[in-house]
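Trainee: Could we go through this structure together, with the reasoning behind each answer?
Mentor: Yes, let us look at it first and then take your questions in turn.

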Amino acid sequence: MATIRKVVITEFGDVDVVKIFETTCSPPAPGFVQIATEYSGFTGGDISMRKGIYPDQDPAPLTPGYCLVGKVQALGEGCTTIKEGDIVAVLTKYDAQAELVNQPEKYCIKVPDGLDHQQVTALMCDWSTGYAMANQTAKVRKGQRVFIHGLSGAVGCGLMILCSLLGAEVYGTASERNHEFVRAYGATPFVYTDKKWMNTMKALSGANAVFDPLGFESFEESYSILTADGIVVAYGNNMDSLAGKKPRDPTEAIMNMMSWNSDSSTGRKTTFFGLTRDSPTYASNISALMEMMMKGKFQVPIKKIWAMEDVQTAHRQWGGGHGIGSVLIKVQDL
């Protein structure tokens with residue numbers, strides 16, 4: 001067995017529960033491949049998992065990291081499509097913040113030569129979430145208005161660019177320090193806290209789709225600015241984490257939001273999106289994004305890359321600072 005370092009959330013709590021340990025990694029089981037991780041994603045999911053409020057999460061201790069890009073080091077018995085030395089990307093949900101990771105071969109996607117590994121890492125979670133929500137959940141079309149909370153965040157930034165490519169008018173919230181970055185992509189940003197965005201969107205006859213990672217009180221606000229047949233696509237409960245408040249259990253807020261679908265007097269809809277590699281569109285969505293990247297349709301903004309040794313600082317500074325886009329953990333050089 002190989003000796004490795006990995007990040008461990010030892011228990012639920014503040015930043016000091018995030019540690020780096022030296023441990024071992026066993027050889028890959030049949031049908032699994034062993035990957036030397038180069039980059040791991042770092043998302044709001046890491047923050048929620050550390051606090052123990054991520055929906056249906058594993059108990060602590062656990063190793064976070066929702067996705068990775070790395071090089072295949074070894075193959076388990078029966079692997080047929082992946083070879084040693086291949087660069088692969090995989091949505092993991094857990095375990096990516098480790099120097100070696102064993103993952104089922106069936107979920108590993110080969111990274112085409114020439115694609116930037118940092119940008120591909122961001123595609124795996126941040127952008128595949130945005131792509132699925134825009135194309136398959138909300139079915140955004142040319143000429144529609146969409147409203148995105150957290151335009152400068154990892155998923156929000158991907159949504160902003162992808163919805164613009166679909167021909168939608170993009171509005172949303174972002175910290176005022178990042179409005180200039182957002183406007184450079186043609187979107188119209190608002191400050192969340194002053195609520196002026198609500199009046200503006202209602203004056204425009206509403207948004208066809210609202211993408212909401214904030215949760216709690218924000219769900220009702222998002223619902224209020226929909227068109228008569230619009231949809232709220234919720235995908236997080238980050239409000240308390242962003243505000244530095246004690247985290248609340250999001251279950252009641254999510255159930256309440258979903259109950260609005262039973263209101264027969266309106267055609268408005270709500271849903272809570274969850275990304276999974278067992279989705280039938282998992283591989284095809286990633287392939288579509290990679291093809292768009294290869295054709296130069298977009299470049300993925302990378303806001304910050306943290307060394308694995310600085311993972312506690314990454315947790316402390318999540319949601320702050322200037323700039324837009326995805327945040328990554330550099331696990332090791334390959």
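Trainee: At which residue does helix 2 bend?
Mentor: This is a predicted model, in which local features need pLDDT of at least 70 and side-chain atom pairs count only at pLDDT 80 or more, while totals for chains, interfaces and linings use all residues. Residues are numbered from 1 along each chain as its sequence is written, and side-chain values use heavy atoms, with hydrogens and water left out. Helix 2 covers residues 117-137, where helices are DSSP runs of H or I with at least four residues and strands are runs of E with at least two, numbered from the N terminus. Its bend, the angle between axes fitted to the seven residues ending at a residue and the seven starting there, is about 55° at Leu-123.

Trainee: How many residues of helix 2 are buried?
Mentor: Buried means under 20% relative accessible area, exposed means over 50%, and partly exposed lies in between, with a 1.4 Å probe and protein chains only. By that cut-off helix 2 is mostly covered, and the number of buried residues is 16 of its 21.

Trainee: Which residue caps the N-terminal end of helix 2?
Mentor: At that end, a side-chain oxygen lies 3.1 Å from the backbone nitrogen of Gln-118. The residue that supplies this oxygen, and so caps the helix by a polar contact (a pair of N or O atoms within 3.5 Å; within protein, one must be able to donate a hydrogen and the other to accept it, and residues adjacent in sequence count only if both atoms are side-chain atoms), is Asp-116.

Trainee: Why is Cys-157 not bonded to Cys-163, and how many disulfides are counted?
Mentor: A disulfide is a covalent bond between the sulfur atoms of two cysteines, and here a pair counts when the sulfur atoms are within 2.5 Å. The sulfur of Cys-157 is 12 Å from its closest cysteine sulfur, in Cys-163, which is too far for a bond. Cys-157 is buried at 1% relative accessibility, and Cys-163 is buried at 0%. By the distance rule, the number of disulfides is zero.

Trainee: Which backbone nitrogens does the side chain of Gln-57 reach?
Mentor: Gln-57 sits in the loop between helix 1 and strand 4, and its relative accessibility of 15% makes it buried. One contact, at 3.3 Å, is with the backbone nitrogen of Ile-53, and another, at 2.9 Å, is with that of Tyr-54. The nitrogens asked for therefore belong to Ile-53 and Tyr-54.
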